[in-house]
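User: I am new to this structure and would like a close look at a single part of it. Please take the sheet as the starting point, and then go on to the aromatic rings.

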Amino acid sequence: MKITALATYALSAPLPQPVRTSTHVISQVSEVIVTITTDAGIVGIGEAHGPFLLRQGPEGLRAVQSVLERITPLVIGEDPFAVERIWQQLFALTYTSVRGIPALAREQRVLVTAMSAIDIALWDVMGKATGRPVCSLLGGALRDRVPAYVTGFYYRDGERPDDVVREAAMYMEKGYRTIKVKVGGLTPEADAERVGRIRKAVGKDVAIMLDANQGWNLPTAVRAARLCEPHDIFWLEDPMPWFDERYSLARLKASVSIPIAAGETEYTPFGLRTMVAEGLVDYLIIDSTWAGGLTTWRKAAIMAELYQIPLAAHHDPQIHVHAVAASPTGFILESFADPTRDPLWFELFRERPEVVDGFVAVPDAPGLGLELRDDTLEKYGVRIG
């Protein structure tokens, strides 16, 4: 079986109301869809997104499209089961030329995003070709369902104290028992008061995660964590900026009692290795849609198992349910419950895994078990060129 075609769809959906994290405003969600067709008539679906797509929208989509066009010759004609060979050739472009294609050293981030979509589509092809779900190809599901948390409590203009109480009630009604709250956009004192209000609303039996989106320096992170500790926090995610994260995470872990989660901003297996090997995190977060695909997840999952670090997925539970289910230390998925936060998640697929009582059942359909909706591709498609 050989790959005969690669097609790309650039999507961008505006949010009805912008939301904020500690570091930026989210006014749209953008995604790249890649389909890979083989001479056996099998079509695989892959997805990619990333921080620069979130901020730059059409400009970021255009950059990924350009890279995809340049690297397509490394994919066409290949055996889709040669997923590691394809991954190695694409990743090598981050520093050298490959089969006549010049190095993309100055576009590493964009390249890894593009290869993420390709890699995920290859795993979908392999699953469909063998009649097995992707989790089977990753070693087999170790559980029938995977827990999921809901990310919410973004900052919104004009927010009132009762707004977070109503939002908490919505998640409880949907059956969630783990929620993630944005922090870092207010003073530590104001954030701690807001978290306390949410804790009171959900009760003591619901796990609360905090996500600072790398918005604090080290002293602020220490102060904020200590202020929030009385509210029984499950983890503190991405507290410090990228430029000093390695050093500051180690110091933060030694200074506070809240477990630390990080890794979603890493976009190579080597960055994830540092997080694990140097003991910087209690929970490792991976997003295969911007870190090199499910092949990167597979590499990181072995490291996490050997160091006994729980693995959590960032975004796209419809893909990551396979990966978490097949990972010995696979722990939890991220999801959204509010369609206004990510219209693409709610509209892109004909059928997708549902979050029921805080769990996602592991699919048993061949491949990823996903089918795109043509009307959504048309509705949110961005014309590139």
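Analyst: **The open sheet and the aromatic rings**

In this predicted model, three strands come together as an open sheet, arranged in the order β1-β2-β3 and paired in antiparallel fashion. The edges of the sheet are formed by β1, which spans residues 3-20, and by β3, which spans residues 43-48, and each of these two strands pairs on one side only. On average, and with direction ignored, neighbouring strands of this sheet are turned by 20 degrees against each other.

The pairing between β1 and β2 can be followed in some detail, for β2 covers residues 25-38 and is joined to β1 by 13 bridges, the two strands running antiparallel. One of the residues to look for here is Val 19, whose bridge partner in β2 is Ile 26. Across β1, β2 and β3 lies helix α4, made up of residues 108-130, and this helix runs at about 150 degrees to β3.

Turning from the sheet to the aromatic rings, a search of the whole structure finds 12 aromatic pairs. Among them is the pair formed by Trp 87 and Phe 91, which is stacked, with 4.9 Å from centre to centre and 10 degrees between the planes. Both residues of this pair belong to helix α3, which takes in residues 83-92, and they are four residues apart, or about one turn of the helix. Trp 87 counts as buried because its relative accessibility is 3%, and Phe 91 is likewise buried, having a relative accessible area of 13%.

An aromatic pair with another geometry is formed by Trp 242 and Phe 243, whose arrangement is edge-to-face, with 6.2 Å from centre to centre and 90 degrees between the planes. Trp 242 and Phe 243 are both exposed, whereas Trp 87 is buried.

Aromatic residues also gather in a cluster, and Tyr 149, Phe 234, Trp 235, Tyr 283 and Phe 331 together form one such group.

Finally, there are charged side chains placed over rings, and here Trp 87 comes up again, with Lys 299 lying over its face at 4.8 Å from the ring centre. The ring of Trp 87 can thus be viewed in two settings, as the stacked partner of Phe 91 and as the ring over whose face Lys 299 lies. A further example is found at Trp 345, where Arg 352 lies over the face of the ring, at 4.3 Å from the ring centre.

Methods:
Residues are numbered from 1 along each chain as its sequence is written. This is a predicted model: local features need pLDDT of at least 70, side-chain atom pairs count only at pLDDT 80 or more; totals for chains, interfaces and linings use all residues. Side-chain values use heavy atoms; hydrogens and water are left out. Two strands pair if DSSP finds at least two bridges between them. Axes are lines fitted to C-alpha atoms, for helices over the stretch in contact, and angles run from 0 to 180 degrees between N-to-C directions. Contact means heavy atoms within 4.5 Å. Rings of Phe, Tyr and Trp (its six-membered ring) pair if their centres lie within 6.5 Å; planes under 30 degrees apart count as stacked, over 60 as edge-to-face and the rest as tilted. Buried means under 20% relative accessible area, exposed over 50%, partly exposed in between (1.4 Å probe, protein chains only). A charge sits over a ring if NZ of Lys or CZ of Arg is within 6 Å of the ring centre and within 35 degrees of the ring normal.
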